[in-house]
Amino acid sequence: MKNVLVTGGAGFIGSNFIRQIIKNEKELRVYNYDALTYAGNLDSLADIAGDPRYQFIQGNICDPEQVASALREHQIDTIVHFAAESHVDRSILGPRQFIETNVMGTFTLLDAARQYWLTEQTFPKESVRFHHVSTDEVFGSLKPGEPAWTEETPYAPNSPYAASKAASDHLVRSYGHTYGLPFTITNCSNNYGPFQFPEKLIPVIILNALEGKPLPVYGDGQQVRDWLHVEDHCEAIHLVLTKGATGSTYNIGGENQPANLSIVETICDILDEIAPSPEHRPRRDLIQFVKDRPGHDRRYDMDTTKISGELGWRPRHTLQQGLLDTVHWYLSHPEWVASIRQKQEYKGWMDANYKSR
Ligand code: NAD
Ligand code: TYD
């Protein structure tokens, strides 16, 4: 691993990953390949932008020529593929872009890697790797009492987002099986932490609660996610890249499964404690149950026996501490938040998603 192309490195998880790998792998050069869609934000990497081992390339994963020239120009031997449309609610209101980016974009990257690494035999096969970052949502939804998902669980995606990610996972696997492309896949659960775009549950609730706005809880709020701190996730990806078996998939989860309502209540309590506002106290009073998401998955739970047994990975953050740190992070980064929230695209999305609920 010498020259790593990180796709989607200006997004939430990609930017955390780049920060971590630049710090921990001193010999590595990292190329952040990102189209800067609404979710991409170079401010998230302002602290490492001047590092000589880091370079940003504005590029689209759906553009075969752009991808091929990035691989060639920088002699890329490792691809860590985060770039995607990632928000389930957006996939319900506008699925087409999800198929374009998540399916066609992944296909375009895979095919460029096949050409550059395998057809042209640029590097020994043992020294290249395509790592694909996927989601637990490919497995569908668990009923009460059903066991956690393992790497052997059959795929049953329910939303257009989950289906597009499932399709991309299958493409990666097929490039390994048919062409011998060295790959690994990680399927992880819901991430939270610094730099998450404020359209996902946790930042929406933190920011609305701070401002005394209603806190939208879909349906009965009893849906369960397996919350994973983004830094634990990035450590797991690093381990899989360096020690994981080629051709393998690994499940990553946070070992935390509270209901959404309980997450929202915890954030309210944290804010009441560290940012008291007599006007809005108690913030739990701001909770509003709103119209449910169509096809809303009920419960996710990841069995992480494989990654902990093979690679010794365990999440380091407890949910309580991780949420507290995350609330502190949003409180101390008002410019980062404001630069996103002032954009018309963001306001338009918030109206489209919440006004009719
Ligand atoms: P994000 O939406 O915050 O960021 C996505 C990034 O991809 C943005 O920087 C965007 O500009 C870039 N991008 C989008 N389309 C592109 C294109 N065509 N070409 C180049 N760049 C493009 O996403 P995230 O939350 O950081 O998620 C990263 C990956 O992890 C995704 O593949 C997602 O499916 C997966 N994942 C996320 C979560 C989660 O909880 N956030 C959970 C499981 C899996
Ligand atoms: P989200 O952060 O969008 O992630 P995902 O859909 O990938 O799990 O949502 C997390 C959970 O929170 C999900 O069950 C939907 C719910 N949710 C709300 O109740 N209110 C909201 O405003 C949002 C954005 C999500």
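How do the residues of the shell around ligand 1 divide into nonpolar, polar and charged? This is a predicted model, and in it the split is 13 nonpolar, 13 polar and two charged.

**Ligand 1**

The shell around ligand 1 holds 28 residues. Ile13, Asp34, Ser86, Tyr161 and Lys165 are the closest. Helix 1 (12–24), strand 5 (129–135) and helix 5 (160–179) each supply at least two shell residues. Strand 5 gives the most, with three. Polar groups reach the ligand from Ala35, through its backbone, and from the side chains of Asn60 and Lys165. On its own, ligand 1 has 840 Å² of accessible area, and the protein covers 96% of this.

**Ligand 2**

Around ligand 2 there are 16 residues. The closest are Glu137, Asn190, Arg293, His296 and Tyr354. By class, the shell has six nonpolar, five polar and five charged residues. Strand 8 (residues 215–218) provides the largest share, three residues. Domain 1 (3–189 + 227–255 + 299–316) and domain 2 (196–224 + 258–298 + 319–347) each contribute at least three residues to this shell. The side chains of Asn190 and Arg293 make polar contacts with oxygen atoms of the ligand, while Pro216 uses a backbone atom to meet a nitrogen atom. The protein covers 96% of the 510 Å² that ligand 2 has accessible on its own.

**Polar contacts**

| Ligand | Ligand atom | Residue and part | Distance |
|---|---|---|---|
| Ligand 1 | nitrogen | Ala35, backbone | 3.1 Å |
| Ligand 1 | nitrogen | Asn60, side chain | 2.8 Å |
| Ligand 1 | oxygen | Lys165, side chain | 2.6 Å |
| Ligand 2 | oxygen | Asn190, side chain | 2.8 Å |
| Ligand 2 | nitrogen | Pro216, backbone | 2.9 Å |
| Ligand 2 | oxygen | Arg293, side chain | 2.5 Å |

Terms used: Residues numbered from 1 in each chain as written. Chains lettered and ligands numbered in written order. Predicted model: local features only at pLDDT ≥ 70, side-chain atom pairs only at ≥ 80, totals over all residues. Heavy atoms only, no water. Near = heavy atom within 4 Å. Polar contact = N/O pair within 3.5 Å; in protein donor to acceptor, adjacent residues only side chain to side chain. Areas by Shrake-Rupley, 256 points an atom, 1.4 Å probe, with all protein chains shown as cover. Helix = DSSP H or I, 4+ residues; strand = E, 2+ residues; numbered from the N terminus. Nonpolar A, V, L, I, M, F, W, Y, C, P; charged D, E, K, R; others polar. Domains from an automatic or database assignment.
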